[in-house]
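Trainee: Could you walk me through one part of this model in close detail? I would like to see how one helix is laid out, with a little of what else is there.

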Amino acid sequence: MKKVFISIVLLALTIVGVKAQQIEVTGTVTSFMEDNMPLPGVTVQIKGTTQGTITDFDGRYSIEVSPNDTLLFSYVGMVTEAIPVEGQTRIDIGLMMDVASLGEVVVVGYGTESSRLISGSLGVVGENEIRDVPMRTIDGVLQGRSAGVQISQNSGTPGAATTVRIRGNSSISAGNEPLYVVDGIPVTTGNFGQVGFSGQGINALSDINPNDIESITVLKDASAAAIYGARATNGVILITTKRGTAQETSINFNATYGLQDVENRLEMLNAKQWHELKETTPADPASIKNTDWLDQVLRRAPMANYELSANGGNEKTTFFVSGNYYTQEGVVLGTSYERLNGRLNVDHKVNEKFDLGASLGVSYSLNNRVEGDQSLNAPLANAIANPAIFPVYNEDGSYNEDAPFANPVAIGKEAINEAHSYRTIGNVFGDYRIFPNLTFSTKWGFDYLSLREHSYDPTTTRQGARSNGIGIAAQNNVLNIVANNTLRYNTSIADMHNLDMLAGYSFEMFQRRNLFIRGVDFPNEYFEYLAEAGTISDAYARSLNRGISSYFGQLRYNYDYRYIFTATARYDGSTKFSENNRYGFFPAASAAWRMSEEGFFKDLNTPINEWRWRASYGITGNDGIPDFAYLALFGGGSNYLGESGIYPLSLHNPDLKWETTYQLNAGVDIGMWNDRLEISVDYYNNQTQDLLFSRPVSMTAGSSSITSNIGELENKGIELSIKTINFETSDFSWSSSFNLSRNRNKVLSLYKDQPLDNLGRGSNSVRVGEPIGIFYGYNSLGVDPSTGDIVFEDTNDDGVIDASDRTKIGDPNPDFTGGFGNIVTWRNFELNVFLQFSYGNDIFNGTRIFIESMKGSDNQTIAVLDRWREPGDETHIPRATGRDPNNNNRISSRFIEDGSYLRVKNLSLSYNVDKAFVERIGMRSARVFITGQNLLTFTNYSGMDPEVNYAGPDNLVLGTDFFTYPQVRTVSIGINLGL
């Protein structure tokens with residue numbers, strides 16, 4: 001018995017001793033490339049055993065081993081590494097690509113993938129490409145960077161909305177903007193402002209700081225985007241923010257200061273030229289005023305950006321925290337934009353099986369706007385339109401209001417139009433590894449936007465004086481709650497069959513609450529809030545709840561990294577549709593063949609190291625229509641004799657269904673000389689059916705229209721992307737990138753094929769057989785030298801010029817768009833030049849209808865000095881006439897101009913301070929730079945800016961300039977410090 005007891009004790013001591021020799025090893029696995037991206041799903045195994053674990057989403061792992069063990073790190077497409085532990089408690093490793101050369105790891109829907117195992121079509125924009133861009137909005141920094149993505153700034157209004165189109169317009173009345181997903185959570189986008197400023201709306205995306213971004217992935221075809229289903233027709237933009245790494249805490253400080261101005265101003269008539277045009281003589285020539293109104297309203301304006309961030313952690317917990325202050329004074333008097341941002345991203349490894357993390361981004365912005373474009377109270381428009389003969393101020397210092405239009409200086413200085421935006425975007429997530437190859441993930445997120453608008457026109461402005469002051473208070477609260485739950489399984493069989501399967505469920509709850517109050521009759525200009533208004537002239541409050549419920553799945557398979565297949569499906573349900581069509585099914589499939597991995601290809605001994613064919617086909621949806629359009633809705637406020645009443649808003653249509661786009665994509669990717677030259681070409685054909693639009697019905701039904709599925713359209717195109725490493729030595733390198741896109745949009749059918757006509761200032765039109773938004777009007781044949789009138793084409797040869805002679809006179813859709821970038825480094829210097837262009841698009845210059853009319857009270861451009869004056873004159877400007885019986889200013893090709901342009905979008909020269917010197921003064925890095933944005937624009941367009949649209953991101957009113965706020969030219973200097 002004693003021996004047995006002793007044996008048990010010795011055995012226990014042995015076990016304890018063995019246990020004591022076990023150590024915990026932690027670390028991070030990354031791809032050994034320039035991007036150094038973390039690799040999730042890497043198998044970490046103790047050599048010679050079945051014990052192991054896999055890395056989490058941030059590439060981190062933790063495993064218990066013996067000091068003399070060896071760890072095997074293996075991942076699809078990477079070279080397996082064997083690392084002896086040798087008593088180490090931390091092992092970080094970068095895995096190299098294996099002979100299959102699978103490229104960098106990129107973010108895709110609900111995961112990551114090696115770029116050369118992707119069979120769909122996507123574009124990737126990295127942090128280094130947007131680092132020095134002064135534009136401080138996400139969509140702004142993307143412009144021209146990715147083939148197939150057309151981004152238009154619309155105007156230069158600080159913080160204003162942009163138009164983003166991925167492979168063209170896919171709808172007439174539903175949404176055309178892409179879906180934005182930040183760290184896996186769809187975010188709220190669009191303009192929620194209620195105080196009207198024509199097309200110069202507020203951009204919800206401007207609340208997010210671009211310098212918090214690690215990478216941007218654009219999902220363009222059905223195979224890449226279908227996993228987002230009902231909102232994927234217009235493409236998906238995935239934004240990944242920076243996260244912490246296990247390292248000693250590093251601190252980064254960035255500061256930028258710059259000046260902005262307008263590159264091109266309109267040349268207006270001075271006072272003398274105005275009197276000559278009007279054939280008037282001032283009573284006292286010595287007292288003639290000669291006010292340069294544009295000089296009074298346009299200004300050189302400063303901008304500044306300051307950022308402080310910290311990144312660090314240990315094997316258990318990592319963090320990234322940042323703060324940002326951005327301020328921009330607008331070049332137009334009365335405009336400015338300020339933004340404060342804060343972000344905290346935290347990741348924590350609970351144990352070998354469970355990881356959790358959280359992200360929180362908060363922001364506050366103040367946008368000071370002025371009315372524009374179609375308003376008679378717009379500083380820029382009125383500065384253009386008011387003749388120079390009127391002064392800014394009266395002799396007593398008050399604002400002079402004798403001009404035909406309101407004093408623009410008074411509006412810019414006195415009117416108040418503030419938009420206060422409070423934004424919080426956050427999420428929490430957890431990953432639980434049920435088995436080494438099976439992981440359950442859950443992520444819950446929210447996006448809360450509170451937009452408060454305060455507007456006041458005092459009696460010191462013409463508009464305010466008419467109503468003894470006008471005040472507006474508006475509030476819009478928007479909340480979107482999202483939950484994603486996924487189960488992922490990946491395995492490799494016999495090192496040949498590589499399989500990744502994903503199944504998931506998600507739901508979204510969207511709420512909006514808004515109110516609007518307008519008051520007039522204020523005591524004086526010092527009272528600006530509605531509590532002091534004598535009369536409330538308008539008020540309303542509204543609420544909205546809606547939701548989406550979705551099931552989705554994806555299967556990715558490749559055989560020996562050569563034959564790649566992906567199948568995706570999503571089943572979406574939306575409260576925007578009736579029970580008849582509430583759910584939609586959106587499948588997609590794609591395949592790729594890496595021909596360069598075949599034996600016969602390798603035997604050719606060519607400089608081509610990668611040749612991959614791709615093809616995909618799938619279905620995506622669009623639910624971007626007004627909420628509950630399928631219901632018979634009623635509105636209140638139809639009161640009579642003091643009694644409340646209701647009235648019909650819309651008719652019942654239970655058969656209303658999703659817009660559906662059938663997308664075909666074929667492409668090829670080629671890499672040569674070890675990827676010193678990379679070429680990607682894509683062809684796509686997207687057919688959209690069941691277009692949603694309000695079609696006319698008999699008024700006997702109680703309404704004039706009903707929302708229905710009425711038509712079809714198509715987008716066809718080709719995209720080309722080229723990347724090159726031109727030279728690369730220890731001291732000098734030069735790399736280039738080029739992208740070119742061509743999209744052809746055509747309407748295939750409408751309700752009874754009836755065109756939608758006379759849309760906007762440029763008479764845009766939607767017609768079967770034509771692209772969306774063509775200009776439709778009279779064709780001008782020039783000025784008749786004998787009469788001085790415009791000759792208009794008699795298209796039907798009936799001898800009469802009337803509405804039946806209207807025809808297609810222009811197309812706002814470009815033939816080609818693209819960008820061309822070059823990065824040159826020499827020792828510590830770096831030069832980055834990026835050009836962006838648009839070719840073949842027309843602009844309707846609606847401003848010229850008024851400032852080249854030579855009638856009315858608008859000031860004119862100096863172009864009218866070349867007007868027809870007597871028979872025999874040959875000119876493109878007609879005669880000056882008060883009554884204009886020929887209607888020379890009708891909508892015609894006279895005002896259509898070539899909108900093509902080539903713009904030096906960004907030019908940056910930087911210097912990295914010598915590392916040895918920097919370290920001696922206790923810093924990690926230091927970099928100084930000078931940057932210019934929109935430095936030069938080469939164009940034949942006569943307006944201030946060829947990249948404008950007064951209607952903003954409107955679906956149908958395109959390519960029209962109407963007194964629109966131009967983009968600005970910016971020159972800035974900055975410094976980046978690493979501590």
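Mentor: Happy to; here is a helix first, then a buried threonine and a small sheet. Keep in mind that this is a predicted model.

The helix is α5, which spans residues 271-278. Start just ahead of the helix, at Asn-270, which caps the N-terminal end of α5. A side-chain oxygen of Asn-270 lies 3.2 Å from the backbone nitrogen of Lys-272. Within the helix, the buried residues are Ala-271, Trp-274, His-275 and Leu-277. Looking down the axis of α5, you find these buried residues within an arc of 160°, so they line one face of the helix. The general background helps here: an α-helix has 3.6 residues a turn, so residues three or four places apart point the same way. After α5 comes Glu-279, with a positive phi near 55°.

Now move on to Thr-661, which sits in strand β32 (residues 659-672). Thr-661 counts as buried because its relative accessibility is 2%, under the 20% cut-off. Its side chain makes a polar contact of 2.9 Å with the side chain of Thr-688. Leaving aside residues up to four places away in sequence, Thr-661 touches several others, including Thr-233, Gly-618, Asn-686 and Gln-687.

Last, the sheet: three strands form an open, mixed sheet in the order β45-β44-β49. Its edge strands, β45 (896-898) and β49 (960-961), each pair on one side only. Strand β44 (residues 842-845) pairs with β45 in the antiparallel sense over three bridges, and Ile-843 stands opposite Glu-897 in β45.

How values were computed:
Residues are numbered from 1 along each chain as its sequence is written. This is a predicted model: local features need pLDDT of at least 70, side-chain atom pairs count only at pLDDT 80 or more; totals for chains, interfaces and linings use all residues. Side-chain values use heavy atoms; hydrogens and water are left out. Two strands pair if DSSP finds at least two bridges between them. Helices (H or I, at least four residues) and strands (E, at least two) are DSSP runs, numbered from the N terminus. Buried means under 20% relative accessible area, exposed over 50%, partly exposed in between (1.4 Å probe, protein chains only). The arc is that of the directions from the helix axis to the C-beta atoms. A polar contact is a pair of N or O atoms within 3.5 Å; within protein, one must be able to donate a hydrogen and the other to accept it, and residues adjacent in sequence count only if both atoms are side-chain atoms. Contact means heavy atoms within 4.5 Å.
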